[in-house]
Structures are given as C-alpha cells and as structure tokens.
Amino acid sequence: MTEFQYSDLLRGPTMQIWIRIMQWVWIFLVFYINAQLMRGGFDDILDILRSPYATPRERFQARTKTVTRTLALILAGIFGATQIAFALWFQGGVLIILWTQISRAFSA
C-alpha cells in the first residue's frame, strides 16, 4: 500500500468543497450567535436611558456602556462561531481522510 500524501489533502476537490461549506457555516453562526447575544443584552442600559429620573451623567455613562457592550458581544459571537466551525471542519477533515484511505484500500 502506498503512503498517503497529507499535503495533497487540502488541494483535493473534496476538501475544497468542505472548506467552502464550513466558511458558509461560520458566517451563519456569526450572525446567529450575535443575534442571540444581542437579544435582551441591553435591557439594563435601555432602562437607564428611558428613565425620567436618570441624570445626564447616568445617561452618558449608559451610552458609553452600549458601545463597549456591543463590541464585546460581537467579539464573543465571532469567537464562539469560530470554535464551533473549526471543530466541525476538523471532524469533517478526519472523515474525508478516512474515506480516502478506505476507498484506496478497497480499490487496490
């Protein structure tokens, strides 16, 4: 049996399709996770902004917290989507390697 060339794996059409699929999965996950994180993530800040009893200083602090929290939630969404997509990509890559090894063994 010939030695499997792992460097050829990423150049193969099957892995290229799998990489493209996982890129779309990552994009979907970024949007989905960010939508879930943004839902209800600003209720406490909005209560301060809408309150007739809040001072101008409290409203200013709430507005600055909104920007900071938005950036933090977006980064958390990107990080979470990357973790999920990378794990799925790796598992699919292992299956592709096994599939090519098994098909080569039975075709020889």
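## Overall layout

Going along the sequence, the protein reads α-α-α. That makes 3 helices and 0 strands. Keep in mind that this is a predicted model.

How does the radius of gyration of the protein sit beside that of a compact globule of 108 residues? The globule would come out near 13 Å, but the protein has 23 Å. The C-alpha trace tells you about the outline: along the principal axes it spans about 80 × 20 × 15 Å.

## Surface and contacts

Of the 108 residues, 21% count as buried. The protein exposes about 8,400 Å², and carbon and sulfur atoms supply 69% of that area. Now for how the chain meets itself: take the contacts between residues at least 6 apart in sequence, and 78% of them join residues at least 24 apart.

## Helix H1

Helix H1 covers residues 13–38. Does its length fit the rule of 1.5 Å a residue, or what span should its 26 residues have? They should span 38 Å, and the end C-alpha atoms are indeed 38 Å apart, so the two values agree. After H1 comes Gly40, which has a positive phi, near 75 degrees.

The buried residues in H1 are Met15, Met22, Leu29, Val30, Ile33 and Asn34, and the buried residues of this helix pack against H3. A bit of helix geometry helps when you look at lists like this: an α-helix has 3.6 residues a turn, so residues three or four places apart point the same way.

## Helix H3

Helix H3 takes in residues 56–107. With 52 residues at 1.5 Å each step, H3 should span 76 Å, and its end C-alpha atoms are 76 Å apart, so expectation and model agree here too.

Which residues of H3 are buried? They are Ala62, Leu73, Gly77, Gly80, Ala81, Ala85, Gly92, Gly93 and Ile96. As for partners, the buried residues of H3 pack against both H1 and H2.

## Where H1 meets H3: Asn34 and Ile74

Asn34 is a handy residue to click on in helix H1. It counts as buried because its relative accessibility is 12%, and the cut-off for buried is under 20%. Setting aside residues up to four places away in sequence, Asn34 touches Leu29, Leu73, Ile74 and Gly77. Two of those names, Leu73 and Gly77, also turn up in the list of buried H3 residues.

Ile74 lies in helix H3. Is Ile74 buried or partly exposed? At 32% relative accessibility, Ile74 counts as partly exposed. Again leaving out residues up to four places away, Ile74 touches Asn34 and Met38. Ile74 and Ile33 are 41 residues apart in sequence, yet their C-alpha atoms are 8.8 Å apart in space.

## The salt bridge

The structure holds 1 salt bridge. Asp44 pairs with Arg69 in it, with the closest N and O atoms 2.8 Å apart. The pair links distant parts of the chain: Asp44 sits in helix H2 (residues 43–50) and Arg69 in helix H3, 25 residues apart.

Are these two buried or partly exposed? Asp44 has 40% relative accessibility, so it counts as partly exposed. Arg69, at 27%, is therefore partly exposed as well.

## Arg59 and the H2–H3 loop

Arg59 belongs to helix H3 and is partly exposed, with a relative accessible area of 22%. What does the side chain of Arg59 reach? It reaches the backbone oxygen of Ala54, at 3.2 Å. Not counting neighbours within four places in sequence, Arg59 is in contact with Ile48, Leu49, Ser51, Pro52 and Ala54. For Ile48, which is 11 residues from Arg59 along the chain, the C-alpha atoms are separated by 6.5 Å.

Pro52, one of those contacts of Arg59, is found in the loop between H2 and H3. With 67% relative accessibility, Pro52 counts as exposed. To get a feel for distances in this model, try Pro52 and Phe90: they are 38 residues apart in sequence and 53 Å apart in space, C-alpha to C-alpha.

Key. Residues numbered from 1 in each chain as written. Predicted model: local features only at pLDDT ≥ 70, side-chain atom pairs only at ≥ 80, totals over all residues. Heavy atoms only, no water. Helix = DSSP H or I, 4+ residues; strand = E, 2+ residues; numbered from the N terminus. Buried < 20%, exposed > 50% of the residue type's maximum accessible area, 1.4 Å probe, protein only. Contact = heavy atoms within 4.5 Å. Polar contact = N/O pair within 3.5 Å; in protein donor to acceptor, adjacent residues only side chain to side chain. Salt bridge = Lys/Arg side-chain N within 4 Å of Asp/Glu carboxyl O. Rg over C-alpha atoms; globule rule 2.2 N^0.38 Å. Areas by Shrake-Rupley, 256 points an atom, 1.4 Å probe, with all protein chains shown as cover. Expected span 1.5 Å × (residues − 1).
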